[in-house]
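Visitor: I'd like to go through this one by asking what lies behind each label. Could you put it up for us?

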2 protein chains.
Amino acid sequence: MVNIAILGYGVVGSGVYEVAQKNAESIKRKSGHEIRVGRILDLRDFPDHPQKTLFTKNFDDILNDHQISIVAEVMGGVTPAYDYTKAALLAGKSVVTSNKELVATHGTELLAIAAQKGVSYMFEASVGGGIPIIHPLNQCLAANELSEITGILNGTTNYILTKMIRANQSFEQALADAQAKGYAERNPSADVDGHDACRKICILASLAFGKAVDYSRIYTEGITGIALEDVAYARRLDYVIKLIGYARRDAGRVLCRVSPMLVPMTNPLAGVEDVFNAIMVHGDSIGDVMFYGRGAGKLPTASAVMADIIEIVRGDGTSNYIWKQTDEDFLDDYQNDTLALYVRTKGVSKKDAERVFGEIAFEACLNDSGEAAFITPAGREADLRAKLSALPAPISCIRVLQ
Amino acid sequence: MVNIAILGYGVVGSGVYEVAQKNAESIKRKSGHEIRVGRILDLRDFPDHPQKTLFTKNFDDILNDHQISIVAEVMGGVTPAYDYTKAALLAGKSVVTSNKELVATHGTELLAIAAQKGVSYMFEASVGGGIPIIHPLNQCLAANELSEITGILNGTTNYILTKMIRANQSFEQALADAQAKGYAERNPSADVDGHDACRKICILASLAFGKAVDYSRIYTEGITGIALEDVAYARRLDYVIKLIGYARRDAGRVLCRVSPMLVPMTNPLAGVEDVFNAIMVHGDSIGDVMFYGRGAGKLPTASAVMADIIEIVRGDGTSNYIWKQTDEDFLDDYQNDTLALYVRTKGVSKKDAERVFGEIAFEACLNDSGEAAFITPAGREADLRAKLSALPAPISCIRVLQ
């Protein structure tokens, strides 16, 4: 019998409890041990809970309980999750988490402490909800040199963009719809400004490339500036707009970026709709491989937390996920990436645009306003933007996925 | 240092050698050990190979080499792969394989021998080429009760169907094209008659549901009967035709089937084209999750073989994949499945069809021949076919994925 503790009895925490109850049999069969929730930390009271004696408001009750060997930290945020996680690891307990903010901020240190204490710090649930991605990246694709990750990493923004694309809702309407459905918070900034996707691509890049990426240095642009006109022009040019977390390694340098992108309709990512997430990974042997599923939600995320717990119980998990702090400055400027730009502009003819960029895809006058949109040839982003300054300032400018 | 042997220096075997050479550094970093190809078994001579001293024609040279702890069996076929695998396991060597035929035929026995000897028998490469699917099914989704697997499991038939759908080629033309490109064998039966997909769904079902499925009892229908008319009607009804390996568990009973199916355009499987494979898995917590990538090819498959080797070297892999022989007859008749049928017929009006089936989707007269196609409501397959016998015999009848 293995005793676990749950830190935080919110959406994910109650999901972990639920999965542990309802799938107890199969979890026992797969892990080789009965896994029992031994303690739950939450500041609130749950007087109607069937196991209300499990609850405590004092973390020390968990820290000092030698029967508890694994802690599921599903509180979110850095404080006090960081202190609790560190203390648990130092006390020789393994920690599993869905807390992308903590992993992106202090993951390097926490991984090092876990390795030093011979326990595990695992975070499958921190990216892609229930989609297996951390483990496959680290283990199943281990025979590959990974060079590129392209992901739809945030379900809220994907839902909003899907509503804009499919139902012609404005950003504001689609956001209100997402809030009404509980997909978006009342303060939606973490999602719509790209911060959530930024933490996630930071974790994926650190893992895939083996070096700690500083998320505060990742260029991050959200979807608040996307207009229905852009959605319509994109469709006519055979693209859809998605919020893309992107990371690539080239000759030892790593480039990361979060921004809306035009995704060609022929790319499997283009068909990823609603709250679904998908992560495309490129390896030198495997080529492109994609992982798709629900990127959030109570039970999907809880099942990923439980998968990490099962892996630890089976004895497979110790110090599995390794990236290192490095002093070298390996992050490349995002403006050095090679890509194309979509440009929506006014009073610019195809001839004007081709004088600057050469032959281009051009869609004129969607709405009789004198507007037009075009896609530049591929080039270094900084060079494209320099060329663009020869034309009137664009109404919008969105990167294009190759 | 870990010494491995490669049995069979064909496409996959030479790929394993190549991956071991070119990614030696990262494999060492990820596995914690240098992994060296110590011996290669092949009946042919390779006088120009840079390491020609590695080759032997005698399996005993590998079996009796105590330095070799892991054997990569990539010969294919049951004979002599079965004897070699059994002997290697009994000698205390772990075996990894891409050999779906052997795993589907003797996997239960070989897994039991491996468990008994405390070594591993692993086969990530046997399904989906380089796509991580065996490991995620077994480990990452371990907190789920899995209920359904729906897969495009054969790249050759998917290529042929894509050519029929996209380029309006007949089955014969598309097959010739696939043969010219090396995607299809001169005798294409294993692919186009569904036998390859049958072995793969057998392996996935055994793993997901924990019981050995007898592949010889899986209803298997290939794509040789698919006509361009069916492709065209399917498109008008908003479907594409794919060869689908399907398995589900319901109340302890397992139903497996390989057949062409009409896949709704809104299903992510509909967008899986060319030689790509994709496997959709349904779990009670995660919902739908999909794995997508190259289902065959030298380096993708080799990288999956190497991933298993790395997992064994890290000490994570011992007796991981477990299904058991059972005496109970748990296989359900495929005709008990609930689905809809697509029917192409001649001289049947919408009224005729609705008299039998009630309200239906109906497309008439694609080509002025008096033909029409319709989709029945969902029902038990056996019941639908009984009803269908009230109408003139259909020209074609294809299952519809819900």
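Guide: Let's start inside chain A, keeping in mind that this is a predicted model. Strand β5 (residues 94–97) of chain A is joined to β4(A) by four bridges, and the two run parallel.

Visitor: What makes β4(A) and β5(A) a pair?

Guide: Pairing takes at least two bridges between the strands. β4(A) and β5(A) have four, so they pair. To see the register, look at A:Val71, which stands opposite A:Val95 in β5(A).

Visitor: Which sheet do these strands belong to in chain A?

Guide: An open one of six strands, with parallel pairing and the order β3-β2-β1-β4-β5-β6. At its edges stand β3 (55–56) and β6 (121–122) of chain A.

Visitor: Why are β3 and β6 of chain A called edges?

Guide: Because each has a single partner strand, one side of each is left without a neighbour in the sheet.

Visitor: And what strand order does the sheet of chain B have?

Guide: The order in chain B reads β3-β2-β1-β4-β5-β6, again six strands in an open sheet with parallel pairing. The edges there are β3 (55–56) and β6 (121–122) of chain B.

Visitor: How do you know that β2 and β3 of chain B pair?

Guide: The requirement is at least two bridges. Strand β2 (residues 35–41) of chain B has two bridges to β3(B), running parallel, so the requirement is met. In that pairing, B:Leu41 has B:Thr56 as its bridge partner.

Visitor: Now the two chains together. How do you know how chain B is related to chain A?

Guide: Superposing chain B on chain A takes a rotation of 180° with 0.0 Å of shift along its axis, and the RMSD is 0.0 Å. That is the relation of a two-fold axis.

Visitor: What makes you say the copies meet through the same surface?

Guide: 100% of the interface residues of chain B are also interface residues in chain A, so the surface is the same. Chain A and chain B put 41 residues each into the contact. The area buried between them is about 3,700 Å², with 51% of that from carbon and sulfur atoms.

Visitor: Which strands join across the interface, and how do they run?

Guide: Strand β12 (residues 287–294) of chain A is joined to β12(B) by five bridges, and they run antiparallel. A:Phe291 has B:Phe291 as its bridge partner there.

Visitor: Why is the link between A:Lys22 and B:Asp284 called a salt bridge?

Guide: The cut-off is 4 Å between a side-chain nitrogen of Lys or Arg and a carboxyl oxygen of Asp or Glu. In A:Lys22 and B:Asp284 the closest N and O atoms are 3.2 Å apart, so the pair qualifies. The rule finds two salt bridges across this interface, along with 17 residue pairs in polar contact.

Visitor: Which elements of chain B supply at least two residues each to the side that touches chain A?

Guide: They are α1 (11–22), α2 (24–31), α6 (134–140), β12 (287–294) and α12 (298–313). By class, that side of chain B has 21 nonpolar, 11 polar and nine charged residues.

Visitor: One backbone matter: what makes the bond from A:Thr79 to A:Pro80 cis?

Guide: Its omega, which is near 0°. A:Pro80 is in the loop between β4 (68–73) and α4 (81–90) of chain A. In chain B, the peptide bond joining B:Thr79 and B:Pro80 is also cis, with omega about 5°.

Key. Residues are numbered from 1 along each chain as its sequence is written. Chains are lettered from A and ligands numbered from 1 in the order in which they are written. This is a predicted model: local features need pLDDT of at least 70, side-chain atom pairs count only at pLDDT 80 or more; totals for chains, interfaces and linings use all residues. Side-chain values use heavy atoms; hydrogens and water are left out. Contact means heavy atoms within 4.5 Å. Buried area is the accessible area (1.4 Å probe) that two parts lose on being put together, summed over both. A polar contact is a pair of N or O atoms within 3.5 Å; within protein, one must be able to donate a hydrogen and the other to accept it, and residues adjacent in sequence count only if both atoms are side-chain atoms. Ala, Val, Leu, Ile, Met, Phe, Trp, Tyr, Cys and Pro count as nonpolar, Asp, Glu, Lys and Arg as charged, and the others, Gly among them, as polar. Copies are superposed by least squares on the C-alpha atoms of residues with pLDDT of at least 70 in both.
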